[in-house]
Amino acid sequence: MEETNTNTAFLLTGGNIGDTKTYLRKAQKAIETKCGPVILQSSLFQSAAWGIKNQPPFINQCLVVRTKLSAPALLQAILQIEKQLGREREVRYGPRTIDIDIIFFNNEIIIQPGLQVPHPQMQHRRFVLQCINDVAPQMKHPQLHKTITQLLAECTDPLEVHKIC
């Protein structure tokens, strides 16, 4: 895989099928093996499903990873991890065993086919902001020039997010 200097990536992991906490642990282990060490992790947060509402609630967690991988190589690695953990992409916003998204990659703005960083919808999703706020409240969005705390305060997403551990 393509390698560069050490990068810092903020990943959001989540799921709502099966033993979600076990899937989150397995995803973190696989990320550490394939991508690099997890240097920070948020608490686990539960929220109702976003998008398609009649499905089980999601559990999400933010992982901050130090990686030598480039952003495209990191994306390929996490797509492989999702597949290994039973992720099936049948319905957009549908139920899943595991979902891993790149939210931030260093302070970069990346717009490529299949890869947009920062995640283009993060500021509209309370569950994403709550997880990141747990580990990096003063992190600034490189396009919006606001901290995660500010984005969370301004977020109009009505879904409640609860810390579960």
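Welcome to the tour. Start by selecting Ser47 and Phe58: Phe58 in strand S4 is the bridge partner of Ser47. Before going further, keep in mind that this is a predicted model.

**Stop 1: strand S4 and its partners**

Widen the selection to strand S3, residues 45–47, together with S4. The two strands pair in the antiparallel sense, over three bridges. Now add strand S2, residues 38–41, which also runs antiparallel to S4 and is joined to S4 by three bridges. To find a pair here, pick Val38 and look across to Val65, its bridge partner in S4.

Next, colour the whole of S4, residues 58–69, by accessibility. Is this strand mostly covered or mostly open? S4 is mostly covered, with 10 of its 12 residues buried. As you look along a strand, it helps to know that in a regular strand the side chains alternate between the two faces of the sheet.

**Stop 2: Asn16 and the residues around it**

Select Asn16, in the loop between S1 and H1. Asn16 has a relative accessible area of 6%, under the 20% cut-off, so this residue counts as buried. Show its side chain and you can pick out two links. One is a polar contact of 3.0 Å between the side chains of Asn16 and Gln55. Another goes from the side chain of Asn16 to the backbone nitrogen of Arg96, at 2.9 Å. Setting aside residues up to four places away in sequence, Asn16 touches Gln55, Pro56, Pro57, Phe58, Pro95 and Arg96. You have already met Phe58, the partner of Ser47.

**Stop 3: helix H2 and the largest core**

Move to helix H2, residues 71–84. With 14 residues at 1.5 Å a residue, H2 should span 20 Å, and its end C-alpha atoms are indeed 20 Å apart. Which residues of H2 are buried? They are Ala71, Ala73, Leu74, Leu75, Ala77, Ile78, Ile81 and Glu82. After the helix comes Gly86, with a positive phi near 90 degrees.

Now bring up the largest nonpolar core, which has 28 residues. Inside this core, the residues with the most contacts are Leu11, Ile31, Cys35, Leu74 and Ile102. Two or more residues each come from strand S1 (3–15), helix H1 (20–34), S4, H2, strand S5 (99–105) and strand S7 (115–117). H2 gives the largest share, seven residues. For background, nonpolar side chains tend to be buried together in soluble globular proteins.

Zoom in on Leu74. Not counting neighbours within four places in sequence, Leu74 is in contact with Ala9, Leu11, Cys35, Leu69, Ile102 and Phe105. Apart from this core lies another, of 21 residues, including Val64, Ile103, Leu151 and Val161.

**Stop 4: Val128 and His141**

Select Val128 in helix H3, residues 126–135. Val128 counts as buried because its relative accessibility is 5%, under the 20% cut-off. Beyond its neighbours within four places in sequence, Val128 is in contact with Leu12, Ile103 and Met122. Then draw a C-alpha to C-alpha distance to Gln61: these two residues are 67 apart in sequence and 8.4 Å apart in space.

Continue to His141, in the loop between H3 and helix H4 (148–154). Is His141 buried or exposed? At 2% relative accessibility, His141 is buried. Its contacts, leaving out neighbours within four places in sequence, are Phe104, Pro118, Met122, Gln123, Lys146 and Leu151.

**Stop 5: some backbone details**

Most residues other than glycine have a negative phi, and most peptide bonds are trans. Pro118, in the loop between S7 and H3, follows a cis peptide bond from Val117, with omega near -5 degrees. Asn106, in the loop between S5 and strand S6 (110–112), has a positive phi near 50 degrees and is partly exposed at 24% relative accessibility. In the loop between H3 and H4, His145 has a positive phi of about 55 degrees and is exposed at 57% relative accessibility.

**Last stop: the cysteines**

How many disulfides does the structure hold? The number is zero. For Cys155, the nearest cysteine sulfur is that of Cys131, 12 Å away. For Cys165, the nearest is also that of Cys131, at 11 Å. Cys155 is buried, with a relative accessible area of 9%.

Methods. Residues are numbered from 1 along each chain as its sequence is written. This is a predicted model: local features need pLDDT of at least 70, side-chain atom pairs count only at pLDDT 80 or more; totals for chains, interfaces and linings use all residues. Side-chain values use heavy atoms; hydrogens and water are left out. Helices (H or I, at least four residues) and strands (E, at least two) are DSSP runs, numbered from the N terminus. Buried means under 20% relative accessible area, exposed over 50%, partly exposed in between (1.4 Å probe, protein chains only). Contact means heavy atoms within 4.5 Å. Two strands pair if DSSP finds at least two bridges between them. A disulfide is a pair of cysteine sulfur atoms within 2.5 Å. A nonpolar core is a set of buried Ala, Val, Leu, Ile, Met, Phe, Trp, Tyr and Cys residues joined through side-chain atoms within 4.5 Å. A polar contact is a pair of N or O atoms within 3.5 Å; within protein, one must be able to donate a hydrogen and the other to accept it, and residues adjacent in sequence count only if both atoms are side-chain atoms. The expected span of a helix is 1.5 Å times one less than its number of residues.
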